[in-house]
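Hello,

Here is the structure to look over. My notes on it follow below.

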Amino acid sequence: MSFPLPPSRPILRRAIPGGVLALCLALAGLPRATHAAPAYPAPIMGSETTAHAWGIDTRFARTTPCRVEITLNQTIFLAHMPEMIRAGIFNAQVTPALQQQAPHYLMNTLQTDVTPGFVHTLFTQRNAPASCHFAWSYTAPDGATHPMLGFDMTRQAHDRIDWTRLRFGDMLPMAGNLTVDREFDVLVNQETVDVSIALSRSQDQTDLPPPTGPNTP
């Protein structure tokens, strides 16, 4: 089975000055300084944060070993797309039409973007566990919850990552036991094709606005 890879098209996502981790921690309302980290098990996302406002909720499940469950509300996520475009997660080519056409593709992009911040926050807590399972799901507009993906991360693997130079999509290869829901996988892959087609069409000269500049009549 294939699994949704981090989107690599820069036209969908602008570069983030200061790195991916800085954005992840900023969205979650978390400090970057590890010396300020609280003792485990502290929340890995504040209750009043940008990520929460955009539809993300996190919680520790009552299981052993450690398990973090992350849920993304699709309706809230799409409603706040203009803010995410302004923040640089997506660029202006993610039009309202494209948002409706490829919500799973876009949700997968967001989870790839913010997951490293959650992982880093957990494993820099004092007395953090040796390993933890992270499970993503999303709530569809009809209220039904669907799985997205899950993976294990160890503190040892976390410590091997150069977090100061982390790039989009760098963390996933360090994860263990990666499992992607088959239905979500199919939807993301199909929407990836749809996005590619839509964006290639948008590059046609007939679809572009007329040039503007000092010599334009």
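**The sheet and the helix across it**

In this predicted model, five strands form an open sheet with mixed pairing, in the order β1-β2-β3-β4-β5. Helices (H or I, at least four residues) and strands (E, at least two) are DSSP runs, numbered from the N terminus. Two strands pair if DSSP finds at least two bridges between them. At the edges stand β1 (56-60) and β5 (176-180), each with a single partner strand, so one side of each has no neighbour in the sheet.

Strand β2 (residues 66-73) pairs with strand β3 (residues 131-139) in the parallel sense, over eight bridges. Thr-71 is opposite Ser-137 in β3.

Helix α6 (residues 103-123) has 21 residues, which at 1.5 Å a residue (times one less than the number of residues) should span 30 Å; its end C-alpha atoms are 30 Å apart, which agrees. 21 of the 21 residues of α6 are buried (under 20% relative accessible area, 1.4 Å probe, protein chains only), so the helix is largely enclosed by the rest of the structure.

**Confidence**

The average pLDDT (the predictor's confidence in each residue, from 0 to 100) is 79 for the protein, and 75% of the residues score at least 70. Over residues 14-19 the pLDDT stays under 50. Residues 30-34 are also below 50. Where pLDDT is low, the predicted coordinates should not be read in detail.

Residues are numbered from 1 along each chain as its sequence is written. Local features need pLDDT of at least 70, side-chain atom pairs count only at pLDDT 80 or more, totals for chains, interfaces and linings use all residues, and side-chain values use heavy atoms, with hydrogens and water left out.

Regards

Methods. Buried < 20%, exposed > 50% of the residue type's maximum accessible area, 1.4 Å probe, protein only. Contact = heavy atoms within 4.5 Å.
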